[in-house]
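Trainee: I am new to this structure. Please show me how to read its features, step by step.

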Amino acid sequence: DGDYEDGRPSDAALEHAASLIRECYPQVRKTRILGHCEITGRTTCPSQFFMKSAEGNNGWKSDLLARI
């Protein structure tokens, strides 16, 4: 359903998103791929676990970037 507030995207969803980024935006550096939460600070979008997991480890952003 696209709501990742209580979990993370599946591996298939992360791979698909990475594939789209690779194919459609090859000129964009990984350092320029940001979630709304990194820009405004007023939201957790795309998820509270985007930057950090519930265990305090790297969130699913690092998994996405590793696939690009």
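Mentor: We will go through salt bridges, ring pairs, the core, cysteines and one peptide bond. Keep in mind that this is a predicted model.

Trainee: Let us begin with charges. How many salt bridges does the count come to?

Mentor: First the general idea. Side chains of opposite charge can pair when their charged atoms come close. Here the count comes to six salt bridges. One of them joins the side chains of D63 and R8, at 2.6 Å from N to O. D63 lies in helix α3 and R8 in the segment before α1, so this pair ties together parts that are 55 residues apart in sequence.

Trainee: Are D63 and R8 buried or exposed?

Mentor: Neither label fits. D63 is partly exposed, at 27% relative accessibility. R8 is also partly exposed, at 39%.

Trainee: What does R67 pair with?

Mentor: The side chain of R67 meets that of D11 in a salt bridge, 3.2 Å from N to O. This pair links distant parts of the chain: R67 is in helix α3, D11 is in helix α1, and they are 56 residues apart. R67 has a relative accessible area of 26%, so the label is partly exposed.

Trainee: Which residues are linked in a network of salt bridges?

Mentor: The network links R8, D11, E15, R22, D63 and R67. Both pairs we just read have their residues in that list.

Trainee: What does E38 form a salt bridge with?

Mentor: E38 pairs with K61, and their closest N and O atoms are 2.8 Å apart. E38 lies in helix α2 and K61 in helix α3, so the pair ties together parts that are 23 residues apart in sequence. Now check the surroundings. E38 is partly exposed, at 30% relative accessibility. K61 counts as buried because its relative accessibility is 12%, and the cut-off for buried is under 20%. Setting aside neighbours within four places in sequence, K61 is in contact with I33, L34, E38, F50 and M51.

Trainee: Rings next. How do I read an aromatic pair?

Mentor: A pair of aromatic rings is described by the distance of the centres and the angle of the planes. The count here comes to two aromatic pairs. One is Y4 with W60: 6.0 Å centre to centre, 65° between the planes, edge-to-face. That pair links distant parts of the chain, with Y4 in the segment before α1 and W60 in helix α3, 56 residues apart. Y4 is partly exposed, with a relative accessible area of 25%. W60 counts as buried, at 8%.

Trainee: And the other pair?

Mentor: F50 and W60 are also edge-to-face, with 4.9 Å between centres and 75° between planes. F50 lies in the loop between α2 and α3 and W60 in helix α3, so the pair ties together parts 10 residues apart in sequence. F50 is buried, at 4% relative accessibility. Ring pairs link Y4, F50 and W60 into a cluster.

Trainee: Which residues make up the largest nonpolar core?

Mentor: There are 10 residues in all: L14, A18, I21, I33, C37, F49, F50, W60, L64 and L65. Helices α1 and α3 each supply at least two of them. Take F49 from that list. Beyond its neighbours within four places in sequence, F49 is in contact with Y4, E5, D6, G7, A54, G59 and W60.

Trainee: Where is P9, and what does P9 contact?

Mentor: P9 sits in the segment before α1. P9 counts as buried, at 5% relative accessibility. Apart from neighbours within four places in sequence, P9 is in contact with Y4, L14 and W60.

Trainee: How many disulfides does a search of the whole structure find?

Mentor: Zero. A disulfide needs two cysteine sulfur atoms within 2.5 Å. The sulfur of C37 is 7.3 Å from the closest cysteine sulfur, in C45, so the two are too far for a bond. C24 also has C45 as its closest cysteine, but the sulfurs are 19 Å apart, too far for a bond. C37 is buried, at 19% relative accessibility. C24 is partly exposed, at 48%.

Trainee: Last, the peptide bond. What joins C45 and P46?

Mentor: Most residues other than glycine have a negative phi, and most peptide bonds are trans. C45 and P46 are joined by a cis peptide bond, with omega about 10°. P46 is found in the loop between α2 and α3.

Technical notes:
Residues numbered from 1 in each chain as written. Predicted model: local features only at pLDDT ≥ 70, side-chain atom pairs only at ≥ 80, totals over all residues. Heavy atoms only, no water. Buried < 20%, exposed > 50% of the residue type's maximum accessible area, 1.4 Å probe, protein only. Contact = heavy atoms within 4.5 Å. Core = buried A, V, L, I, M, F, W, Y, C linked by side-chain atoms within 4.5 Å. Helix = DSSP H or I, 4+ residues; strand = E, 2+ residues; numbered from the N terminus. Phe/Tyr/Trp six-rings, centres within 6.5 Å; stacked < 30°, edge-to-face > 60°. Salt bridge = Lys/Arg side-chain N within 4 Å of Asp/Glu carboxyl O.
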